[in-house]
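Student: Take me through one part of this structure closely, please, in one go. I'd like to hear about the packing, and then whatever sits around it.

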Amino acid sequence: MNSLIRLLASSGLLKKDLDYHLLRASMVIVFFFFGYQKWFQYEAQVLIPFISHGPLISWMYPVFGIRGASTFLGISEWTFGALILAGFWSRRLGMLGAAGSVVTFVMTVTIIPFMPNGWAASAGGFPAMVGNVAFLMKDVVLLAVSIYLLKEDVVRSLAASVPMASRIAKPAGR
């Protein structure tokens with residue numbers, strides 16, 4: 001086991017900020033692909049049970065219609081993905097993207113309890129998820145990643161705004 005630990009430690013896996021950068025890049029990719037789908041009629045139709053049963057997003061159909069809601073989501077996802085990408089260079093833009101991402105995944109996670117036929121009756125119902133609920137469970141992890149990125153961007157922004165002199169530890173007794 002010690003050999004494995006040493007191997008992993010020397011592999012670069014523990015490199016400072018590797019996790020932060022991998023998660024940021026992963027979210028950009030997720031938002032690109034999921035946002036891309038929203039531009040097509042097939043996806044607008046696939047979204048109907050999700051949006052219709054989402055307590056925080058069901059307002060979109062009366063406001064935008066089926067196709068308009070899908071387009072709105074696509075624009076939102078590409079915007080948040082672009083802001084998260086910009087977070088590689090600007091913590092403040094990254095913060096905006098991460099905050100939008102948190103809102104996005106709070107909205108989708110709240111669909112889970114309301115999704116019809118989301119729990120396999122043949123297996124006793126909850127927690128035996130099926131279909132659309134199983135698909136939405138990934139959003140629990142994406143919400144956690146979004147919160148992590150938001151926290152990191154806030155912490156890093158605060159650290160950058162503190163003058164260097166005040167970050168230097170003062171010797172005891174002075």
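Tutor: First, a bit of vocabulary: an axis here is a line fitted to C-alpha atoms, over the stretch in contact in the case of a helix, and angles between N-to-C directions run from 0 to 180 degrees. Keep in mind too that this is a predicted model. Two packed helices are described by the angle between their axes and the distance between the axes.

Let's start from helix H2, residues 18-37, and its partner H5, residues 60-86: their axes come within 8 Å and cross at roughly 160°. Angles over 145 degrees count as roughly antiparallel, so H2 is roughly antiparallel to H5. The crossing itself is left-handed. On the H2 side, the contact uses Arg-24, Met-27, Val-28, Phe-31, Phe-32, Phe-34, Gly-35 and Tyr-36. H5 answers with Gly-74, Glu-77, Trp-78, Phe-80, Gly-81, Ile-84 and Leu-85. Sorted by class, that contact comes to ten nonpolar, three polar and two charged residues.

H2 has another partner, helix H8 (residues 138-161). Here the packing angle is about 130° and the axes are 10 Å apart, so H2 and H8 are oblique to each other. This crossing is left-handed as well. From H2 come Asp-19, Tyr-20, Leu-23, Arg-24, Met-27, Val-30 and Phe-34, while H8 supplies Lys-138, Leu-142, Val-145, Ser-146, Tyr-148, Leu-149, Glu-152, Asp-153 and Arg-156. The class count for the contact of H2 with H8 is nine nonpolar, one polar and six charged residues. If you're tracing side chains, note that Arg-24, Met-27 and Phe-34 are in the H8 contact and also turn up in the H5 one.

Now follow H5 to its other neighbour, helix H6 (residues 91-109). The H5 and H6 axes come within 7 Å and cross at roughly 140°, again in a left-handed crossing. H5 puts in Phe-80, Leu-83, Ile-84 and Ala-86, and H6 puts in Leu-93, Gly-94, Leu-96, Gly-97, Ala-98, Gly-100, Ser-101 and Thr-104. That contact has seven nonpolar, five polar and no charged residues. Phe-80 and Ile-84 of H5 serve here and in the H2 contact too.

What about the nonpolar cores? In soluble globular proteins, nonpolar side chains tend to be buried together. The largest core in this model has 13 residues, and Ile-51, Met-60, Ile-111, Met-115 and Leu-136 have the most contacts inside it. Helix H4 (48-52), H5 and helix H7 (131-136) each give two or more residues to it, with H5 giving the most, at four. Leu-136 touches Phe-50, Thr-108, Ile-111, Ile-112 and Met-115, leaving aside residues up to four places away in sequence. Apart from that core lies another, of twelve residues, including Tyr-20, Phe-31, Ile-84 and Phe-105.

Last, a couple of backbone oddities. Most residues other than glycine have a negative phi. Asp-17, though not a glycine, has a positive phi of about 70°, and it is found in the loop between helix H1 (2-10) and H2. Asn-117 is not a glycine either, yet its phi is positive, about 55°. Asn-117 lies in the loop between H6 and H7 and is exposed, with a relative accessible area of 73%.

Methods
Residues numbered from 1 in each chain as written. Predicted model: local features only at pLDDT ≥ 70, side-chain atom pairs only at ≥ 80, totals over all residues. Heavy atoms only, no water. Parallel < 35°, antiparallel > 145°, perpendicular 65-115°, else oblique. Left-handed = near helix turned anticlockwise from the far one by under 90°. Contact = heavy atoms within 4.5 Å. Nonpolar A, V, L, I, M, F, W, Y, C, P; charged D, E, K, R; others polar. Core = buried A, V, L, I, M, F, W, Y, C linked by side-chain atoms within 4.5 Å. Buried < 20%, exposed > 50% of the residue type's maximum accessible area, 1.4 Å probe, protein only.
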